[in-house]
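I opened this notebook to keep track of what I looked up, interface by interface and then salt bridge by salt bridge. The entries follow the order in which I checked things.

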Number of protein chains: 4
Amino acid sequence: MLKVGIVGATGYGGEELIRLLLSHPEVEITVLAAKMEGEKLSISEIFPAFEGKIDLPCSDLDIEKMAADSELVFLALPHKVSMEMAARFLSLGKKVIDFSADYRFNEAQIYEEWYEVKHTRKELLKEAVYGLPELNREEIKQARLIANPGCYPTSVILGAAPLVSRGLVDPENIIADSKTGVSGAGRWPGKGFHFGEIQENFKAYKVAGHRHQPEMEEQLGRLAREKTRITFTPHLAPMKRGILSTIYMNLKKKESPEELRQIYKDFYEDEPFVRITEPDKFPETKDVWGSNYCHIGFKVDERAGRAIVISAIDNLIKGASGQAVQNMNIMWGFEEDEGLDHLGPRP
Amino acid sequence: MLKVGIVGATGYGGEELIRLLLSHPEVEITVLAAKMEGEKLSISEIFPAFEGKIDLPCSDLDIEKMAADSELVFLALPHKVSMEMAARFLSLGKKVIDFSADYRFNEAQIYEEWYEVKHTRKELLKEAVYGLPELNREEIKQARLIANPGCYPTSVILGAAPLVSRGLVDPENIIADSKTGVSGAGRWPGKGFHFGEIQENFKAYKVAGHRHQPEMEEQLGRLAREKTRITFTPHLAPMKRGILSTIYMNLKKKESPEELRQIYKDFYEDEPFVRITEPDKFPETKDVWGSNYCHIGFKVDERAGRAIVISAIDNLIKGASGQAVQNMNIMWGFEEDEGLDHLGPRP
Amino acid sequence: MLKVGIVGATGYGGEELIRLLLSHPEVEITVLAAKMEGEKLSISEIFPAFEGKIDLPCSDLDIEKMAADSELVFLALPHKVSMEMAARFLSLGKKVIDFSADYRFNEAQIYEEWYEVKHTRKELLKEAVYGLPELNREEIKQARLIANPGCYPTSVILGAAPLVSRGLVDPENIIADSKTGVSGAGRWPGKGFHFGEIQENFKAYKVAGHRHQPEMEEQLGRLAREKTRITFTPHLAPMKRGILSTIYMNLKKKESPEELRQIYKDFYEDEPFVRITEPDKFPETKDVWGSNYCHIGFKVDERAGRAIVISAIDNLIKGASGQAVQNMNIMWGFEEDEGLDHLGPRP
Amino acid sequence: MLKVGIVGATGYGGEELIRLLLSHPEVEITVLAAKMEGEKLSISEIFPAFEGKIDLPCSDLDIEKMAADSELVFLALPHKVSMEMAARFLSLGKKVIDFSADYRFNEAQIYEEWYEVKHTRKELLKEAVYGLPELNREEIKQARLIANPGCYPTSVILGAAPLVSRGLVDPENIIADSKTGVSGAGRWPGKGFHFGEIQENFKAYKVAGHRHQPEMEEQLGRLAREKTRITFTPHLAPMKRGILSTIYMNLKKKESPEELRQIYKDFYEDEPFVRITEPDKFPETKDVWGSNYCHIGFKVDERAGRAIVISAIDNLIKGASGQAVQNMNIMWGFEEDEGLDHLGPRP
């Protein structure tokens, strides 16, 4: 049994990670840590749904103790907090899957500009692997440090990758219009997330200024092997979970919907968690809700020479904790869908 | 007191129209009709909220009777049903405000192609006025027949008009990514609108194929005085009301955010129901929920030379019944905000 | 024009009060105060829906200034905060409508026990009038200080009053099972009100221990002229607004549904804001949503000799701000439904 | 591998049953039937979430074919439809788990009165076992025909059983006030379940007249060994899933909360799916959402000598499909939590 520790166990990402790992036959959760301000509570006191499933104590992080009791550490923390912590665990011989943005960029400069903080562990940036299995499976196998992708980037990169990597669209002229549920912002983010402010409300925010934009540009640029530019508009929808990204890309030459469909089918042929929707059917977040799947569909606007690609994921699973488990499975050579083969409740 | 009749009184548009007219000091509702299959019920039996406010009977339509008892008829009906009915009321000397698409197009051909039905009253298309007060106030004053705009077109046209009409953007390369609440589809549209299918779900539908697309193109084309082409993607959000449209337009030359803001402020200077949001603030549907306002905000993506304009309306008020009342006010010379000056419940 | 000031203008109750007063033809809002920590913002910057309707500054409370500029002060504040403030405004010759519980009890002792704080203005308890117009209209007319009722008590007292006051039910054996939307708890009450904790969740809280229980018992006890005891269970439903109370009372003798219905119709005969539902129809919160109405319906369980009474209100209107406006209308001799005759958006 | 067939595969109960069985290691779904009106579609075309997991065709029921290919048949059908069908499958040597009410009553008379239909297979009523494992585990082991309990009765019976069976409360004076999500009414039940009618709405329905009332009375009466009478009020909450029942029972003698808690702990000591909440903590539907658990908590109102018991289940799992799987596990001697040990997504 692989022994794992989780830091940030009481956030949405941490809680969902615990839930997924509970049904993983090869893994044992051994240590849980969170900001507890000196308190030590059983995780099942905090989350009554876990009673009888896992009754481990949850307390403030003791790095040495966690390192002693686990081989792999998940850091389900906000950016900036993980940076030093990841380095410490690595130096103690542990592997790390980091949910934050701290190790997602190849160059410190873009990170420092968008996240407005100095990167104090630049030497690890080259080593860290961007943990999107559909693009980087081989590197993930060997990695000590995984930068688990952002939720929006997961949905946009998976949606755009087949066309961008084959050079079929203009990479400098991509628009990604994404809609997310509320849980993506974490559990306690202040008054803007009060039920009264969200229910029956829809809004855009950080228009053309969200930190996930450079992350998408770096990853898609690598695939395009040329400069890539995305106009990214995130929106908040009145739901707990789910991201739907509508991606507009200009086709370099005319492509029929059938040709495009074949390109997507081929690109994701062996992928366990990507499905291409039937012709003229479009993804809905409810079809991936509670699961690690990404659904992709599309339409060609022939008048405008434009491909409209729509992708749907569950932001907390394929967009966070499920993807982390998938990375772990690849790193340890488990079946890639181990612990991830359960679908979400229907409806 | 202006006497009005309402056909389609039991749909969402009709019900909301009744509510708005109840607080209008110059109007008396005299006749209500709907598909009642021979039954005759008091409207307050159907909608208990109306008890004591209006207890008129609602029965199947009797055109002669409605014409005898009213000067203005609102047709809150699906397209195709209004076509002949509007003509009949006009021939009986009544004025008509039609919620359907039947008289929104200047040429029958586009209508017939997109709505897949013959237009049997083409002679009225030239006379009908597209009832968007912000663009056509003078024609509305004289009109006998108002084609009340579609909900999506209202939000997209108001958002794009200032830039399109001044020739500042490429009119053949507009993208409108719109998100709507469920009520836009009417009251009883089948299993796709069951609560279990909508809650915690987000989806695109009729991608680059929705009937409101040619309506937007015709109206914006008129403003641009050149061919206009829109890639339009409607989405369904888990909420009852509200449309947020995110509109991407390529700027012909560099414009600062301040310049753009001034263009919008000038364009809508005297408009009672359009507000431009503060710099770097974006519209939210909750701020217009329950009111006739349209809020517009924007951002310039300087790298891409692209304006991102965001507009928010309440689809049942500014997108339907409120706009109909506004048109009526203009036609009869009432204060334009009479019956429309109440804000929606907060929150 | 009656000049009014509002303290607590940025909470849900305050915001909704502003909205209602904006459509009141006899009232002018002259001063707004809230906890602003030294800042002074236009209320329309805080709430964009108010732009052009009211642009008054909102700042920290200056009691003298507010007293100088207004005749009536609304205190939309949590309990304990209003106590001294109300006394100060009274001593400056102003009238006060207090949203808190501070002046709702006849005896300080019950207040002090349930609210765990000393009452420092006991001399005002006798003078304060419990502002439920359906029971205390005459006293309200003369009052200087109104204790605006709690939202749950409004729904339960209106539902139970006709049977309790006529001595038809056992007053020591009443059960009130109430369900509320989230806004009743105010705008910023911490992590339990995050959208992710509320959506798709239903729970009971403060079972048989909520502070509104003694308030109901005091008011119903007065009507019964004997000791009254209520088992009160509040529940939180995943919605913004609305309270539905299901009240179980044991009938002293057999009553037919028709007799009960007549008792309710008689009791509320001249009330502008109470409606009795049709036989075998039950209230729904959507029918009162956004309005000042209370709907009441009932059923007799003949086997058990029990009346089941169901009442519905909008907790922010009849349960708070609307009732405050109704009280003001009575105090100043305005039409009782002035500013309150608009129905909520439908649906 | 146990081969099972499912009739009613496209309803909410059927869809969720498929989902649960997909993760059951001992079961193979072999035949799917539903009202398809002659059509034959892959279940994964109907529900895209199943793609790659199960691609069986779904067509109209062919009883012989289903009997030939399966040992156990689940009937996820409305009442009245199952009656003959269950008998046919039994006569063909199959076992049946029936989701409807057709075999839940010991005597045909009560069924016929409440469901207003003749019972044509009375001879099977004595044989059928009411499939609530916590009460009837031994009979379930031997059963050929399981009447899977109603969702409301599951929540109320589990909540009341410990006190009723030990004779601690007055069985003729029980009140159950239940609140359910929308999915309990099935997938396509008409206009009352349109999102626009449910969102931001809360209502009671079938007050003291719901068909689940006699079902509760029969089962609790058996436990009490005396006449049992329940006043049952169902309510509809704006959520997809979850039932919270608040049960009021009069204690025959004084019991401390500690004593009551011990009674509940003892009664459910070995139950895999019942949890008693911590003292002064109350169940929330989100804690059982997506799982087969029932959470029970309570409070004693000492003044009134009344126990208030609150139970929470997921109506589609413990209240329908999960309980059916649990019954199957008991019948075939599988681990009782096989296929049911996954928790629901959090949050």
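**Entry 1: how chain D and chain C are related.** I am working with a predicted model, and I began by superposing chain D on chain C, which took a rotation of 180° with 0.0 Å of shift along its axis and left an RMSD of 0.0 Å. I note this as the relation of a two-fold axis. The same surface serves both copies, since 98% of the contact residues of chain D recur in chain C.

**Entry 2: the interface of chain D and chain C.** I then listed the contact itself, which takes 45 residues from chain D and 44 residues from chain C. Between them the two chains bury about 3,800 Å², with 53% of that on carbon and sulfur atoms. Which residues of chain D lose the most area to chain C? I found D:Glu200, D:Phe202 and D:Arg303, which together account for 20% of what that side buries.

For the polar side of this interface I counted eight salt bridges, and I looked up one between the side chains of D:Glu217 and C:Arg303, with N to O at 2.6 Å. I also counted 36 residue pairs in polar contact across chain D and chain C, both residues being at pLDDT 80 or more. On the side of chain D that touches chain C, strand 9 (residues 174–180) gives the most, with five residues, and by class that side has 20 nonpolar, nine polar and 16 charged residues.

**Entry 3: the interface of chain B and chain A.** I repeated the search here and found 45 residues of chain B in contact with 45 residues of chain A. The area buried between chain B and chain A is about 3,800 Å², and carbon and sulfur atoms give 53% of it. B:Glu200, B:Phe202 and B:Arg303 supply 19% of the area that chain B buries against chain A, more than any other three residues.

My count of salt bridges between chain B and chain A is eight, and I noted one in which the side chains of B:Glu197 and A:Lys286 meet at 3.8 Å, N to O. Strand 9 (residues 174–180) of chain B gives the most to the side that touches chain A, with five residues.

**Entry 4: salt bridges within chains.** Searching the whole structure, I found 130 salt bridges over all chains, and I picked out several for a closer look. In chain C, C:Glu16 pairs with C:Arg19, their closest N and O atoms being 2.8 Å apart. Both lie in helix 1 (residues 12–22) of chain C, three residues apart, or about one turn of the helix. Are these two residues buried or exposed? I found C:Glu16 buried, and C:Arg19 buried as well.

I next took C:Lys126 and C:Glu107, whose closest N and O atoms are 3.5 Å apart in a salt bridge. This pair links distant parts of the chain, with C:Lys126 in the loop between helix 5 (108–115) and strand 7 (129–130) and C:Glu107 in the loop between strand 6 (95–98) and helix 5, 19 residues apart. C:Lys126 is exposed at a relative accessible area of 57%, while C:Glu107 is partly exposed at 44%.

In chain D, I noted a salt bridge from D:Lys118 to D:Glu112 at 3.6 Å between the closest N and O atoms. D:Lys118 has a relative accessible area of 58% and is exposed, whereas D:Glu112, at 17% relative accessibility, counts as buried because the cut-off is under 20%.

**Entry 5: a shared network.** Last, I followed salt bridges that share partners and found A:Glu15, A:Arg187, C:Glu197, C:Lys203, D:Glu284, D:Lys286, D:Asp287 and D:Arg346 joined into one network.

Note on methods. Residues numbered from 1 in each chain as written. Chains lettered and ligands numbered in written order. Predicted model: local features only at pLDDT ≥ 70, side-chain atom pairs only at ≥ 80, totals over all residues. Heavy atoms only, no water. Least-squares fit on C-alpha atoms with pLDDT ≥ 70 in both. Contact = heavy atoms within 4.5 Å. Buried area = accessible area lost by both parts, 1.4 Å probe. Salt bridge = Lys/Arg side-chain N within 4 Å of Asp/Glu carboxyl O. Helix = DSSP H or I, 4+ residues; strand = E, 2+ residues; numbered from the N terminus. Buried < 20%, exposed > 50% of the residue type's maximum accessible area, 1.4 Å probe, protein only. Polar contact = N/O pair within 3.5 Å; in protein donor to acceptor, adjacent residues only side chain to side chain. Nonpolar A, V, L, I, M, F, W, Y, C, P; charged D, E, K, R; others polar.
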